[in-house]
Amino acid sequence: MLQKLSCRIGLLLLTTLLAACGSPIVNPVTGQAERSVMSEQMELTEGAKAHQQVLQEYGVVKNTRLQAYVNNLGQRLAKQSHREQLQWHFTVLDSPEVNAFALPGGYVYVTRGIMAYLQNEAELAGVIGHEIGHVTARHGAQRATRQQDAGLGVLAASVLGAVLESQGVSGAGRLASDLSQTVASGFIASYSRDQELQADSLGAEYLARTAYDPRNMVNVINSLKSQERFAADQARAEGRTAPTSGNWLSSHPSNDQRLQQISQQATQFKGNFADDGRTRYLQAIAGMAYGESADQGLTRGQNFYHADMGIAITAPVGWKIQNEASQLALVNAARDAALMIQVAQPKAGSTHDEVIRNMLKPSQGRTERLNINGLQATRFLGSRATNQGQQAIDATLVTGPTGTVFVMVPAGRSALALQQARTGLAQAQGSFRAMTAQDRAAARPWTLRTTAYPSGGFAQLAQRSPLPQAEAQLRLINGYYSGGAPRVGQLVKMVE
């Protein structure tokens, strides 16, 4: 949970007003003229603006060695692309999400989340090559042109409250957006199937030109399909509906046609593809954070810790903690109620009264001064005027040990759901506290390491790992979730 907003970006384009009529531009990949509302200069300009916002919203992995490794690999691939003249930028984002995306003008991003599931340098090259293909084929500009043709214009994008909305908690997104200031607007959209297949084809071509076996792109898809199966297996075990999205494949179709096409294309490229760069890759990711990072706050069982802010909170038994960059949500077992926690932005004020006035913007109400585990707190009950009439407000503000003001708001699918969750909501709110010495000892980030595969297999490795379902997760990140095993003594990934 950070003091900034987050955008889940498959493709984010911050665009200015587009011209009413586009001009013909020759596509660098096809060599054919196509009408476009974005010139190359506009691609560069808008990509540069969006890049700054991506860095602000996601944050970057603070590891210069890893950043240099990924950038060097990306630059090698870009030099073999159809737009080598662009000034390319490759960045590892500090996010556990399994994702990669690109912006117009030569900006390509991979998350440390997706890197944890890749097995070698060639697979990473496959992901990056695919994203380079989106840029070289001008897919972002094509999307913008279709948007204008459809009369849609630029769509405002705000994902605040998405956690609760995805759980069916009505009104969470509206409340969250009211509590915060959006910092981005743009397009959030998937590419068309034809564009994805073209990017696959280009990625395979760029891999072969850079002496990587294009068949590694198939390995990437199979690896991420295993990640989807793991998520579905966990959901079923917990009685939840299997998630329908959440990784790179969510916006990159993974059907049989795609796998078949990649496999067929890979066989067309001939060359010396002996070195997949596995050793270099394992060395590069050693020490990389796995799962949440300390900067984002850490979930450990029923507890959430944020060492920089100095706070901890405990979810009731059976509740789930969902840590988003824009908010923290403690969701009940029925998934129809939750306690949402957000950070008050500094411009809202430093006192509780100022935050209530500037963030909640009530038309009437009353305050009650509280003390929660030694922390200054205020409960506000009131309402505010909306286009639909008066909207009730129930919020509790707490000042943390570092002076940060937190806003805790109960949200529910219905008034009945809120009433039934009342005890759990009160228990969760009452657990908000300054971190103790015991909390700080538990708030240790997980990191990726490499180790020799032992004779006792993944079961033996799991005994040394703090991960929940450790054996399954270790199999997953090493590419053996569906079965099989490395040879004894082979270097494998370990989470400690």
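Trainee: Which residues have the most contacts inside the largest nonpolar core?

Mentor: This is a predicted model, where local features need pLDDT of at least 70, side-chain atom pairs count only at pLDDT 80 or more, and totals for chains, interfaces and linings use all residues. Residues are numbered from 1 along each chain as its sequence is written, and side-chain values use heavy atoms, with hydrogens and water left out. A nonpolar core is a set of buried (under 20% relative accessible area, 1.4 Å probe, protein chains only) Ala, Val, Leu, Ile, Met, Phe, Trp, Tyr and Cys residues joined through side-chain atoms within 4.5 Å. The largest has 63 residues, and those with the most contacts inside it are V70, V110, M115, L124 and I128.

Trainee: Which helix gives the largest share of this core?

Mentor: Helices are DSSP runs (H or I, at least four residues), numbered from the N terminus. The largest share is 7 residues, and it comes from residues 121–136, helix α4.

Trainee: How far apart, centre to centre, are the rings of Y58 and F101?

Mentor: Rings of Phe, Tyr and Trp (its six-membered ring) pair if their centres lie within 6.5 Å; planes under 30 degrees apart count as stacked, over 60 as edge-to-face and the rest as tilted. Y58 and F101 are a tilted pair, with 40° between the planes and a centre-to-centre distance of 6.0 Å.

Trainee: Is F101 buried or exposed?

Mentor: Its partner Y58 has a relative accessible area of 6% and is buried. For F101 the relative accessible area is 1%, so F101 is buried.

Key
Buried means under 20% relative accessible area, exposed over 50%, partly exposed in between (1.4 Å probe, protein chains only). Helices (H or I, at least four residues) and strands (E, at least two) are DSSP runs, numbered from the N terminus.
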